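Trainee: Please take me through the following model by question and answer. I should like each term defined when it is introduced.

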Amino acid sequence: MSKSVVILTGAGISKESGLDTFRDADGIWAKVRLEDVATPEAFERDPDRVHAFYNHRRAGLLEASVQPNPAHEALARLEMRWRDAGPENQVLLVTQNIDDLHERAGSSNLLHMHGELLKARCLSCNAVSDWRSDMSRQSICPACGDAGGLRVDVVWFGEMPYHMERIYAALGDCDYFLSIGTSGNVYPAAGFVEQVRRHGRPTAQTIELNLEPSEGASLFHHCLHGPASEVVPAYVESLLDGT
Ligand code: APR
């Protein structure tokens, strides 16, 4: 019988790769107000400030020291070996993260529900292009050649996350739902565990893997607390042992 796994990841999985989380004491939202840099209104008001915020984060992501850690690698291994265990077996990785560390680790069945830092979207032609350098009001769209209409392709507060239809379909059909490195503060991702428990398969197992109990920890069947680089590889091995 085929088995399907849906995994949600958040900033905590990339913390040990050198990227900041949002709501920890040393997190991004302790240093800058999200209303100033991560809303459509902020971009309208002060595009230079918003570009500068994401330019800084993009440069940080591209530093040589920032690499996938054992947790990203374990999830890529799970995708490959789970498929080997049965042709219909599925692992869908849904990330709130805008970094590319899951891809670099080798995950391929991956949805970026909050967009991607290394992509630009043109406000004139709507094309999405790879983007690794600084972005400014003068940046030119590689697709249509228009100047001045590019934004980073991330989902800001007040905007609709990407791929929701596919994500809800997968949640309704999964046997395991894992939530890794997310504080459970931001919807719709924070509601995925309830979605599985109320509307998913009655036998579906929900597991939280996080440094500490998240806001919604009591909603999961099991919780494993500790650094992602330790708890995720150990849990993945136990899941693969059971196949
Ligand atoms: N291993 C596992 N978990 C960790 C680690 C670690 N090494 N370090 C921190 N964590 C946990 C924290 O305890 C916290 O519960 O990761 C979680 C990170 O939570 P947030 O900072 O709130 O990040 P996230 O849940 O991904 O935020 C969701 O909010 O502003 C936004 O759009 C942004 O996608 C982001 C969304």
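Trainee: In which loop is His163 found?
Mentor: The model is predicted, so local features need pLDDT of at least 70 and side-chain atom pairs count only at pLDDT 80 or more, while totals for chains, interfaces and linings use all residues. Residues are numbered from 1 along each chain as its sequence is written. Helices (H or I, at least four residues) and strands (E, at least two) are DSSP runs, numbered from the N terminus. On that basis, His163 is found in the loop between β6 (150–154) and α8 (164–172).

Trainee: What is phi of His163 near?
Mentor: His163 is a residue other than glycine, and its phi is positive. The value is near 65°.

Trainee: Does His163 count as buried, partly exposed or exposed?
Mentor: A residue is buried if 20 or more other C-beta atoms lie within 10 Å of its own, exposed if 12 or fewer, and partly exposed in between, with C-beta atoms placed from the backbone. His163 has 13 C-beta neighbours inside 10 Å, and therefore counts as partly exposed.

Trainee: Is Asn126 buried or exposed?
Mentor: Asn126 lies in the loop between β4 (115–122) and β5 (128–130). Its phi is near 70°, also a positive value in a residue other than glycine. Because 11 other C-beta atoms lie within 10 Å, Asn126 is exposed.

Trainee: Which peptide bond is cis, with omega near 10°?
Mentor: The bond leads to a proline, Pro188, which lies in the loop between β7 and α9 (192–199). The cis bond is the one from Tyr187 to Pro188.

Trainee: Which residues does Ile7 touch, not counting residues up to four places away in sequence?
Mentor: Ile7 is found in strand β1 (residues 4–9) and is buried, with 27 other C-beta atoms within 10 Å. Ile7 and Leu178 are 171 residues apart in sequence, yet 4.7 Å apart in space, C-alpha to C-alpha. Two residues are in contact if their C-beta atoms, placed from the backbone, lie within 7 Å. With that exclusion, Ile7 touches Leu75, Val91, Leu93, Val94, Leu178 and Ile180.

Trainee: Against which elements do the buried residues of α6 pack?
Mentor: The buried residues of α6 are Ala71, His72, Glu73, Ala74, Leu75, Ala76, Leu78, Glu79 and Trp82. They pack against β1, α1, β2 (90–95), α7 (101–105) and α10.

Trainee: How far apart are the end C-alpha atoms of α10?
Mentor: The expected span of a helix is 1.5 Å times one less than its number of residues. Helix α10 (residues 228–241) has 14 residues, so it should span 20 Å. The computed distance agrees with this, at 19 Å.

Trainee: What arc do the buried residues of α10 cover around the axis?
Mentor: An α-helix has 3.6 residues a turn, so residues three or four places apart point the same way. The buried residues of α10 are Ala228, Val231, Val232, Val236 and Leu239. The arc, that of the directions from the helix axis to the C-beta atoms, puts them on the same side of α10, because it is only 125°.

Trainee: Which exposed residues are carried by the face of α10 turned away from its buried side?
Mentor: What covers the buried residues of α10 includes α1 (12–15), α6 (70–85), β7 (176–180), β8 (205–210) and β9 (222–225). The face turned away from the buried side carries Ser238 and Asp241.

Trainee: Which residues does Tyr54 touch, not counting residues up to four places away in sequence?
Mentor: Tyr54 lies in helix α5 (residues 47–61) and counts as buried, with 20 C-beta neighbours inside 10 Å. Outside that range in sequence, Tyr54 touches Leu117, Met135 and Val152.

Trainee: How many residues of domain 2 are in contact with domain 1?
Mentor: The bounds, which come from an automatic or database domain assignment, give domain 1 (4–19 + 67–114 + 160–241) and domain 2 (25–65 + 115–154). Their centres, taken over C-alpha atoms, are separated by 26 Å. On the side of domain 1, 8 residues take part, and the number in domain 2 is 8.

Trainee: What is the radius of gyration of the protein chain?
Mentor: The radius of gyration is taken over C-alpha atoms, and the globule rule is 2.2 Å times the number of residues to the power 0.38. With 243 residues, a compact globule would therefore have a value near 18 Å, and the protein chain agrees, at 18 Å.
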